[in-house]
Amino acid sequence: MSLFSNTLDQLIERVCRLHLHDWREGTCTGGTTTTVVDTSRNERDDYFNNLPYAEAYIRTTTDGLAPISEKRVITDFAQSTGTITVSDAFTAAPAAGDTYSVHTTFLRDDVVDALNAAIDSVAREYPIDTLDDETLLVSDVFEYPVPTGFIYIYRITMSSDDGDFYGDPIPPDHYKIIRGRATPRIHFYSFPVSAQATDHYYGELWAQSDFSAGEKLQIEGFKRQPKLVKDTDICYLNPNYVCAQSASLLH
């Protein structure tokens, strides 16, 4: 279990609000494909379009559909109606209840790039616990691909007949990781048949004694923090570091 879990959207808000002081947000009361209407806004007329740059970003929608995650440059603002006008139309009209943010100093895309740069800077030092339990064992097959994302494996357990993984792990000297190919593979050892004897168990070599086709492998290890792309992508690293480091890169 990770100590931290923050979405990309949450990290962007934290960076912009606490470190960059470039954060405005609101909830739409209406809109069209070229406007975001929020009657609670109280900036003066033309406030946003008189800035060197301002963009409106749709954070959430009530139906989870367009124009979510779309951003447009602000070209006008009317205080009396709370209407933000944008250049280039949204693919759909913002509706009442949709949420948005306004960025006036740092581009949102630049903040995302800075967050990913901060993550990359500590990817090797702070790997993340990960688990995969979908590898299905096949009869007489002793080599399986390492699940995507793993950079280190520290334990492998085979499921029991009821599908649980409460048994002892497979001894680590009974398998090795084969690298040097596009997809690394886990190779399980099998004691040579010609060297076996009925009165000796040979250290209970797993591949010969306990391999059960149809069961699954639970593979535990570490992965690096993936790049954040979607607003809902999760970062498991300490947000205090990631946000402060990204802000320093932007500054």
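**Exercise 1. Place Y154 in this predicted model and describe the surface patch that includes Y154.**

Solution. Start with the secondary structure: Y154 sits in strand β11, residues 150-158. Next, look at its exposure. The relative accessibility of Y154 is 33%, so this residue counts as partly exposed. Finally, look at its partners: together with I151 and Y152, Y154 makes a nonpolar surface patch of about 320 Å².

**Exercise 2. Work out whether strand β8 is enclosed or open, and find its pairing strands.**

Solution. Begin with burial. Strand β8 covers residues 99-103, and five of its five residues are buried, so the strand is largely enclosed by the rest of the structure.

Now sort the side chains by direction. In a regular strand, side chains alternate between the two faces of the sheet. Here T99, S101 and H103 point one way from β8, while Y100 and V102 point the other way. Residues of both sets are buried.

Then turn to the pairing. Strand β2 (residues 24-27) is antiparallel to β8, with four bridges between them; G26 is found opposite Y100. Strand β5 (residues 55-60) also runs antiparallel to β8, joined by five bridges, and T60 has T99 as its bridge partner.

**Exercise 3. Decide whether C16 and C28 are in a disulfide or free of one.**

Solution. The cut-off to apply is a sulfur-to-sulfur distance within 2.5 Å. For C16, the nearest cysteine sulfur belongs to C243 and is 9.4 Å away, and C16 is in no disulfide. For C28, the nearest is the sulfur of C16, 18 Å away, and C28 is in no disulfide either. The count for the model is zero disulfides. As for exposure, C16 is buried at 0% relative accessible area, and C28 is buried at 3%.

**Exercise 4. Trace three of the 15 salt bridges and say which parts of the chain they connect.**

Solution. Take R17 and E13, whose side chains meet at 2.6 Å, N to O. Both lie in helix α1 (residues 8-20), and because they are four residues apart, about one helical turn separates them.

Move on to D120 and R224, with their closest N and O atoms 2.7 Å apart. D120 is in helix α2 and R224 in the loop between β14 and β15, so this pair ties together parts that are 104 residues apart in sequence.

Last come E134 and K216, at 3.4 Å, N to O. This pair links strand β9 with strand β14, 82 residues apart. To finish, salt bridges with shared partners join D9, E13, R17, E25, R59, R108 and D231 into one network.

Notes: Residues are numbered from 1 along each chain as its sequence is written. This is a predicted model: local features need pLDDT of at least 70, side-chain atom pairs count only at pLDDT 80 or more; totals for chains, interfaces and linings use all residues. Side-chain values use heavy atoms; hydrogens and water are left out. Buried means under 20% relative accessible area, exposed over 50%, partly exposed in between (1.4 Å probe, protein chains only). Helices (H or I, at least four residues) and strands (E, at least two) are DSSP runs, numbered from the N terminus. Two strands pair if DSSP finds at least two bridges between them. Patches are made of residues with over 30% relative accessible area and no salt bridge: like charges are joined within 9 Å, nonpolar side chains (Val, Leu, Ile, Met, Phe, Trp, Tyr) within 5 Å. Accessible areas come from the Shrake-Rupley method with a 1.4 Å probe; for residues, only the protein chains shown count as cover. A salt bridge is a side-chain nitrogen of Lys or Arg within 4 Å of a carboxyl oxygen of Asp or Glu.
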